[in-house]
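Hi everyone, thanks for coming. Let me walk you through a structure that is new to most of you, so please have a look at it first.

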Amino acid sequence: MHAARAGIKVVIASGRMLPSALPVYRPLGIDTPLICCNGAYVCTPEGQMIHRCPIEKPEARQVIEFARENHLYIQYYIGNDLYCEQDCEERELYGKLSLMRAQYVPDLTALPTGTDKLLMIHLPTMSEWMPKIEAAFKQLAVTSSMKFYAEINHPDANKGVALKALADYYGFAPDQVMAIGDGSNDLAMLRWAGCSVAMGNAGKAIQEQCKHVCPDNAHDGVAHAIWQLALER
């Protein structure tokens, strides 16, 4: 990658857990840490943690009980492991999209630790449920990277906090950082970075909060942004 060869630190910031992000990361030929689970942790490709901010078990239990009461599929993330207590269409869909199929357990609340992230899935869309989930869990961060996802994290676990932790790790100030994103789970990162770029396929609310808008995913938007805003400057 031209940016990496030019000395730019190229970082993947994803809602995915590490094993699911690595198939996207490895072909890029970079060696930087990854921001995973919407910023719940920053780690090296080998799994060494640089920053972590999980949801503790009591709050995780409340979210699980909400999902059960409303018959919503939910997943529980711990490090490199992913769990669910329903064998259903949503489980299979997530497996196809992320290349990570959740392990079945009879009771998520019996898992031994807190969680890096909780993910609810409702098909065909989560739009009806998002306001209800946000109202029920005001103490947590609720975002969405796909129309049928509701992603729940610790309030201090977001891509902005994680990007700052990684910038501190390298000794970079905000004005030395460019962030590119298209989902609500990217907003904290876009707000923190000195140079914020919304993808052309991002919603209007996201584009309005960024300094720049690049072409969409289908037209090499990330490459355009890197060339024009980083390499050519």
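Before counting anything, a word on terms: helices (H or I, at least four residues) and strands (E, at least two) are DSSP runs, numbered from the N terminus. By that rule, the protein chain has nine helices and twelve strands. Please keep in mind that this is a predicted model, where local features need pLDDT of at least 70, side-chain atom pairs count only at pLDDT 80 or more, and totals for chains, interfaces and linings use all residues. Residues are numbered from 1 along each chain as its sequence is written, and side-chain values use heavy atoms, with hydrogens and water left out.

Now the overall form. The radius of gyration, taken over C-alpha atoms, is 17 Å, which agrees with the value near 17 Å for a compact globule of 233 residues. That globule rule is 2.2 Å times the number of residues to the power 0.38. Along the principal axes, the C-alpha atoms fill a box of roughly 55 × 35 × 30 Å. Buried residues, meaning those under 20% relative accessible area with a 1.4 Å probe and protein chains only, make up 48% of the chain.

Let's zoom in on one sheet. It is open, with three strands in the order β1-β2-β3 and antiparallel pairing; two strands pair if DSSP finds at least two bridges between them. β1 (34-36) and β3 (49-52) stand at the edges with a single partner strand each, so one side of each has no neighbour in the sheet. Three bridges join β1 to β2, residues 41-43, and cysteine 36 stands opposite tyrosine 41 in β2.

What packs on this sheet? Helix α2, residues 18-25, does, touching β1 and β2; contact here means heavy atoms within 4.5 Å. The buried residues of α2 are Leu18, Ser20, Ala21, Leu22 and Tyr25, and they pack against β1, β2 and also α4 (89-98).

That brings us to the nonpolar cores: sets of buried Ala, Val, Leu, Ile, Met, Phe, Trp, Tyr and Cys residues joined through side-chain atoms within 4.5 Å. In the largest one, of 29 residues, Leu34, Tyr41 and Tyr94 touch the most other members. The largest share of this core, four residues, comes from α2. Apart from it lies another core of 25 residues, among them Val63, Val105, Trp129 and Leu140.

Finally, tyrosine 94: leaving out residues up to four places away in sequence, its contacts include Gln75, Leu119 and Tyr149. Thanks for listening!

How values were computed: Axes are lines fitted to C-alpha atoms, for helices over the stretch in contact, and angles run from 0 to 180 degrees between N-to-C directions. Buried means under 20% relative accessible area, exposed over 50%, partly exposed in between (1.4 Å probe, protein chains only).
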